[in-house]
Amino acid sequence: EVYIAGLVEKIKALMGFQGDTAFDRSKSDGQKRRCLRIWKAEERLGWKPTTGLDEGLKRTIEWYRGQCESKQATPRGVGDAGEAQDDLCAVSKEADG
């Protein structure tokens with residue numbers, strides 16, 4: 001079981017981001033925690049996770065930072081997630097100092 005606020009703090013720590021976190025309180029609270037039921041994947045697909053949450057987050061952040069570095073060479077089309085990617089790449093660069 002993972003609490004969303006704790007996950008946010010974990011990601012911030014892994015990225016070295018020291019800024020504030022703000023949750024939009026005008027929206028419904030949504031899910032405050034997640035608990036994956038991987039037994040279904042094990043039972044139906046024979047799949048078991050081999051990477052823990054911390055290592056998976058670390059690898060994902062490394063991958064994303066690589067995408068930000070090579071972003072200049074990546075063509076983007078209309079309607080893609082370019083603005084969100086720009087924002088996240090800016091946060092990543094800000095955390096890197």
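Begin by selecting Glu62 and Trp63, which are exposed on one side of helix α3 in this predicted model. Keep the whole of α3 in view, residues 53–70, and follow it from end to end: the helix has 18 residues and reaches 26 Å from its first C-alpha to its last, close to the 26 Å expected at 1.5 Å a residue.

Now turn to the other side of the helix and select Leu57, Ile61, Arg65 and Cys68, which are the buried residues of α3. These four cover an arc of only 70° around the axis, which puts them on the same side of α3. The spacing of such residues has a general background, since an α-helix has 3.6 residues a turn, so residues three or four places apart point the same way.

Staying on α3, select Arg59 and Glu55, whose side chains form a salt bridge with the closest N and O atoms 3.2 Å apart. Arg59 and Glu55 are four residues apart in the helix, and about one helical turn therefore separates them. Arg59 is partly exposed, with a relative accessible area of 47%, and Glu55 also counts as partly exposed, at 35% relative accessibility.

The next selection leads away from α3: show Asp54 together with Lys10, which form a salt bridge whose closest N and O atoms are 2.8 Å apart. Because Asp54 lies in helix α3 and Lys10 in helix α1, the pair ties together parts that are 44 residues apart in sequence. Both partners are partly exposed, Asp54 with a relative accessible area of 42% and Lys10 with one of 32%.

From Lys10, extend the selection to helix α1, residues 4–15, which has twelve residues and reaches 16 Å from its first C-alpha to its last, close to the 16 Å expected at 1.5 Å a residue. Within α1, pick out Lys12 and Glu9, whose side chains meet in a salt bridge at 3.6 Å, N to O, and which lie three residues apart, about one turn of the helix. Lys12 counts as buried, at 13% relative accessibility, whereas Glu9 is partly exposed, with a relative accessible area of 43%. With this pair the tour has visited the three salt bridges of the model. Just after α1, select Gly16, whose phi is positive, near 75°.

Finally, colour the chain by pLDDT, which averages 75, with 68% of the residues scoring at least 70. Select residues 73–82, where pLDDT stays under 50 and for which the model has four contacts beyond four places in sequence.

Definitions and conventions
Residues numbered from 1 in each chain as written. Predicted model: local features only at pLDDT ≥ 70, side-chain atom pairs only at ≥ 80, totals over all residues. Heavy atoms only, no water. pLDDT = per-residue confidence, 0-100. Contact = heavy atoms within 4.5 Å. Helix = DSSP H or I, 4+ residues; strand = E, 2+ residues; numbered from the N terminus. Expected span 1.5 Å × (residues − 1). Buried < 20%, exposed > 50% of the residue type's maximum accessible area, 1.4 Å probe, protein only. Arc of directions from axis to C-beta. Salt bridge = Lys/Arg side-chain N within 4 Å of Asp/Glu carboxyl O.
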